[in-house]
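Work through the exercises below with the sequence and the model open side by side. Try each task before reading its solution.

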Amino acid sequence: MKNRIAILLMAAVLGSCNNQKKTETEQATPADASKQTAALYGASFEPAQPLDKKEIGEVYQQLTTQDTVEVIFKSAITDVCQAKGCWMKVPVGQDTAMVRFKDYGFFVPLNSSGKEVTLKGKAFIAEVPVDELKHLAEDGGKSAAYIASIIQPRKILSFEATGVLIED
């Protein structure tokens, strides 16, 4: 009987752990010696020499729907899923990329819009069906009229992040 209780207790403790990984890292700014903190979500990575918005935009211009490229880049978060933080949008070049998180293994805070972010993962172009576009619009808080106006699939710049550093 004691073994069963111990096993149930252990299962409850392990089950209460979630997959969202968050650690605080210190980064020095190149312009001065002051330090900033950044919250890490997903797998840890070394953010050394990330591509900037313009450079990642040029990478996307070279891609076709069959291509995938592993990159690290830095941008700003313009939009976050307001249901649970399961996606975000970031500017890349003259366009915007839809960022999702590998295997839904982690999410980002709902209040992340406007913050600088460094991402590691795979850049690709995806053709998104109408029902998924409508779902994304709902999660983004779009109006019913806007959602009803979505009638065709679209090719969008996509990114599957394995790690995300959001600056405070």
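The exercises go from the whole chain to one helix, three strand residues, two cysteines and the aromatic rings.

The model is predicted: local features need pLDDT of at least 70, side-chain atom pairs count only at pLDDT 80 or more, and totals for chains, interfaces and linings use all residues. Residues are numbered from 1 along each chain as its sequence is written, and side-chain values use heavy atoms, with hydrogens and water left out.

**Exercise 1. The whole chain**

Task: Describe the order of helices and strands in the protein chain, its burial and its contacts.

Solution.
1. Assign the elements as DSSP runs, numbered from the N terminus: helices are H or I with at least four residues, strands are E with at least two. The protein chain then has four helices and eight strands.
2. Read along the sequence, their order is α-β-β-α-β-β-β-β-β-α-α-β.
3. Apply the burial classes: buried is under 20% relative accessible area, exposed is over 50%, and partly exposed is in between (1.4 Å probe, protein chains only). Of the 168 residues, 35% count as buried.
4. Take a contact as heavy atoms within 4.5 Å. Among contacts between residues at least 6 apart in sequence, 67% join residues at least 24 apart.
5. The accessible surface is about 10,300 Å², and carbon and sulfur atoms account for 53% of it. These areas come from the Shrake-Rupley method with a 1.4 Å probe; for residues, only the protein chains shown count as cover.

**Exercise 2. The two sides of H2**

Task: Find which residues of helix H2 are buried, and where they lie around the helix axis.

Solution.
1. H2 spans residues 53-62, and its buried residues are Ile56, Gly57 and Tyr60.
2. Viewed down the axis of H2, the buried residues fall within an arc of 105°, so they line one face of the helix. The arc is that of the directions from the helix axis to the C-beta atoms.
3. The general background is that an α-helix has 3.6 residues a turn, so residues three or four places apart point the same way.
4. On the face turned away from the buried side, H2 carries the exposed residues Lys54, Gln61 and Gln62.
5. The packing partners of the buried residues are strands E3 (68-76), E5 (87-92), E6 (95-101), E7 (116-128) and E8 (154-167).
6. At the start of H2, a side-chain oxygen of aspartate 52 comes to within 3.1 Å of the backbone nitrogen of lysine 54.

**Exercise 3. Three residues in strands**

Task: For threonine 118, alanine 126 and threonine 162, give the burial class and the contacts.

Solution. The contacts leave out residues up to four places away in sequence.
1. Threonine 118 is in strand E7 and is buried, at a relative accessible area of 4%. Among the residues that threonine 118 touches are Phe45, Pro47, Ile72, Phe73 and Val164.
2. Alanine 126 is also found in strand E7, and is buried at 18%. Alanine 126 touches Arg154, Lys155, Ile156 and Ser158. Alanine 126 and threonine 65 are 61 residues apart in sequence, yet 6.1 Å apart from C-alpha to C-alpha.
3. Threonine 162 lies in strand E8 and is partly exposed, at 24%. Its contacts include Tyr41, Lys102, Phe106 and Lys120.

**Exercise 4. Two cysteines**

Task: Explain why cysteine 81 and cysteine 86 are not counted as bonded.

Solution.
1. A disulfide is a pair of cysteine sulfur atoms within 2.5 Å.
2. The closest cysteine sulfur to that of cysteine 81 is in cysteine 86, at 3.5 Å, which is too far for a bond.
3. The structure therefore holds zero disulfides.
4. Cysteine 81 is buried at 0% relative accessible area, and cysteine 86 is buried at 6%.

**Exercise 5. Aromatic pairs**

Task: Count the aromatic pairs and classify two of them.

Solution.
1. Rings of Phe, Tyr and Trp (its six-membered ring) pair if their centres lie within 6.5 Å; planes under 30 degrees apart are stacked, over 60 edge-to-face, and the rest tilted. The count is three aromatic pairs.
2. Phenylalanine 73 and phenylalanine 159 are 5.1 Å apart centre to centre, with 85° between the planes, an edge-to-face pair.
3. Phenylalanine 73 lies in strand E3 and phenylalanine 159 in strand E8, so the pair ties together parts 86 residues apart in sequence.
4. Phenylalanine 73 is buried at 0% and phenylalanine 159 at 1%.
5. Phenylalanine 101 and phenylalanine 106 have ring centres 4.9 Å apart and planes at 45°, so this pair is tilted. Both phenylalanine 101 and phenylalanine 106 are buried.

Conventions
A polar contact is a pair of N or O atoms within 3.5 Å; within protein, one must be able to donate a hydrogen and the other to accept it, and residues adjacent in sequence count only if both atoms are side-chain atoms.
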